[in-house]
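Here are some worked exercises to try with the model open beside you. Have a go at each task before reading its solution.

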Amino acid sequence: MDATIITQDPSQGQSVVTSKQAQVEVIAVPMIPFHSHLDQLLHFSCLISSSYSIPVHFATTATHLRQAKLRFNSQTHLQNPHIRFHELPTPPFLSPPPDPNSPNKFPSHLQPTFEASMQLRHPMAELLREVSATARRVVVIHDAFMAYVVQDMATLPNVESYIFSPIPAFHGLLRELKDDHKYPHFFEELKAIPSIEGCLPPEFINLVVPSVAFLSLAAGTIFNSCRSIEGTYLDLLEKEMTSINKKVWAIGPLNSDTKGDKTKSNSRQHRCLEWLDKQAPKSVLYVSFGTTITMADEQIKELALGLEQSKQKFLWVLRDADKGDIFARDVERSPLPNGYEERVKEFGMVVRDWAPQVDILGHPSTGGFMSHCGWNSCLESMTVGVPILAWPMHSDQPRNAFQVTNILKVGLAVITWEQREQIVTSSTICEVVKMLMASREGEEIRRKVEEIGGAAQQAVKEGGVSRLELDSFITHITR
């Protein structure tokens with residue numbers, strides 16, 4: 001077996017992996033078309049390739065590779081010579097628009113894209129055989145939902161796999177624990193946790209069931225999280241996984257590795273950052289519900305009025321959910337009340353295109369974030385010390401929101417999950433916005449999240465707990 005050493009390159013401040021034989025190579029397989037899944041695994045791929053000089057093959061469809069690159073916030077990382085992009089052939093798929101009036105806010109209009117992704121198994125098998133023929137070891141890092149697609153790795157003797165989790169360890173632990181008597185204090189703390197009812201529609205569940213059978217092929221799970229945020233749950237999950245000979249690493253938050261990059265794609269030119277430059281520190285509420293949420297017209301109008309009535313400064317990214325192919329555009333809806341943008345122009349800004357969220361959250365003027373509580377958004381907000389107004393819609397978001405508001409106490413709930421079918425009124429929105437942005441309670445929440453954010457930023461620096469876990473993962477796969 002090779003001797004593998006992780007050393008410091010003093011000129012670059014990077015860890016470098018050296019080996020006596022042919023290199024270990026990584027194949028990264030993201031889920032499509034969710035941007036947060038694509039983006040997090042692309043961040044991880046860039047981190048491995050740039051910091052450890054390990055060849056990484058990032059493999060997905062041509063459409064979604066183009067999407068991931070377009071929205072990625074560091075062109076420098078994409079130009080690293082150790083990362084190679086593969087466009088996997090996929091059959092044509094329908095790309096219908098989202099339905100704003102759907103009773104379930106899960107983006108079911110993406111079902112044709114999910115189904116097309118299951119057709120990537122055979123081109124993925126070809127890539128696996130090609131890379132494994134020349135590498136000493138091939139390490140497949142894949143989204144849990146893509147376990148079916150990468151199953152043919154089991155036929156190759158020098159291939160091993162790891163699940164990349166874009167959701168928190170907290171959620172993973174709840175999924176693993178079946179016996180509420182095993183950790184009584186843990187379950188006592190979680191009595192108010194939301195049910196998973198209504199989080200995912202049956203047609204999506206039926207599609208991903210085949211992947212479940214292949215999850216056991218993975219030797220461990222990598223979380224975009226850190227022990228300063230989720231230490232208790234990571235420890236418990238690690239205990240559960242060790243009992244079945246699986247490993248756990250927490251290497252996040254990944255969004256901090258491109259902070260300060262002067263070549264960020266599109267961000268420096270975006271007009272919303274110029275507007276933020278003119279506002280007072282921590283005075284602006286950023287409002288965005290990610291790439292999978294489409295609100296009904298009635299709800300958008302209530303949100304608009306609530307923001308207006310609060311008289312708090314706000315930057316609102318008002319977009320429908322992504323289509324399966326974001327490059328097949330439709331006419332955008334315009335559901336705002338007549339004259340709204342003119343009325344709020346002194347203290348509010350509405351953006352209808354893609355906006356650079358990492359830069360917005362990291363801007364000194366941003367003091368709060370009204371969010372759907374996708375895990376990527378939660379991490380990006382907490383890492384820079386911005387408190388959250390939690391408004392979950394589907395998937396892991398209700399439990400992420402619970403963790404944000406009830407456990408970490410770095411945010412306030414706009415509504416509870418049990419109220420999800422109700423229209424949130426403008427008066428409710430006005431009240432919770434003012435509570436976060438202009439009250440003593442809001443100040444205490446901000447103090448707490450700034451403390452957590454500072455610890456999270458330290459975690460990914462050299463010698464920090466997340467960086468040490470990343471070094472441990474690299475040592476393990478290059479053993």
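**Exercise 1. Which residue forms a salt bridge with E160, and how far apart are the closest N and O atoms?**

Before starting, note that this is a predicted model, in which local features need pLDDT of at least 70 and side-chain atom pairs count only at pLDDT 80 or more, while totals for chains, interfaces and linings use all residues. Residues are numbered from 1 along each chain as its sequence is written, and side-chain values use heavy atoms, with hydrogens and water left out.

Step 1. Apply the rule: a salt bridge is a side-chain nitrogen of Lys or Arg within 4 Å of a carboxyl oxygen of Asp or Glu. The partner of E160 is R479, with the closest N and O atoms 2.8 Å apart.

Step 2. Place both ends, using helices (H or I, at least four residues) and strands (E, at least two) as DSSP runs numbered from the N terminus. E160 lies in strand 7 and R479 in the segment after helix 18, so this pair ties together parts 319 residues apart in sequence.

Step 3. Check the exposure, where buried means under 20% relative accessible area, exposed over 50%, and partly exposed in between (1.4 Å probe, protein chains only). E160 counts as buried because its relative accessibility is 15%; R479, at 28%, is partly exposed.

**Exercise 2. Describe two further salt bridges, then find a network.**

Step 1. D322 and R71 meet through their side chains in a salt bridge of 2.7 Å, N to O. D322 is in the loop between strand 11 (313-317) and helix 12 (340-343), while R71 is in helix 2, and the two are 251 residues apart.

Step 2. Are these two ends buried or exposed? D322 is buried, with a relative accessible area of 7%, and R71 is buried as well, with 10%.

Step 3. Turn to R352, which pairs with E341 at 3.6 Å between the closest N and O atoms. R352 lies in the loop between strand 12 (348-351) and helix 13 (357-362), and E341 in helix 12, so the parts tied together here are 11 residues apart in sequence. R352 is partly exposed at 22%, and E341 is partly exposed at 38%.

Step 4. R227, D235, E238 and E469 are joined into one network by salt bridges that share partners. By this rule, the count comes to 16 salt bridges.

**Exercise 3. Find the largest nonpolar core and the element that gives it the largest share.**

Step 1. Take a nonpolar core as a set of buried Ala, Val, Leu, Ile, Met, Phe, Trp, Tyr and Cys residues joined through side-chain atoms within 4.5 Å. The largest such core has 33 residues, and L42, F44, I141, I222, F473 and I474 have the most contacts inside it.

Step 2. Elements giving two or more residues to this core include strand 3 (24-29), strand 6 (137-143) and helix 18 (465-477). The largest share, 8 residues, comes from helix 1.

Step 3. List the contacts (heavy atoms within 4.5 Å) of L42. Not counting residues up to four places away in sequence, L42 touches F58, A68, F72, L78, I83 and F85.

Step 4. A second, separate core has 31 residues, including V344, V424, V432 and L436.

**Exercise 4. Compile the surroundings of F58 and L65.**

Step 1. F58 sits in strand 4 and counts as buried at 0% relative accessibility. Leaving aside neighbours within four places in sequence, the contacts of F58 include A28, P30, L38, L41, L42 and L65.

Step 2. L65 is found in helix 2, and at 4% relative accessibility L65 counts as buried. With residues up to four places away in sequence not counted, L65 touches F58, T60, F85, H86 and E87.

**Exercise 5. How many disulfides does a search of the whole structure find?**

Step 1. Look for pairs of cysteine sulfur atoms within 2.5 Å, the definition of a disulfide. The search finds 0.

Step 2. For C199, the nearest cysteine sulfur is that of C373, 13 Å away; C199 is buried, with a relative accessible area of 6%.

Step 3. For C373, the nearest cysteine sulfur is that of C378, 4.1 Å away. C373 counts as buried, at 0% relative accessibility.

Methods
Contact = heavy atoms within 4.5 Å.
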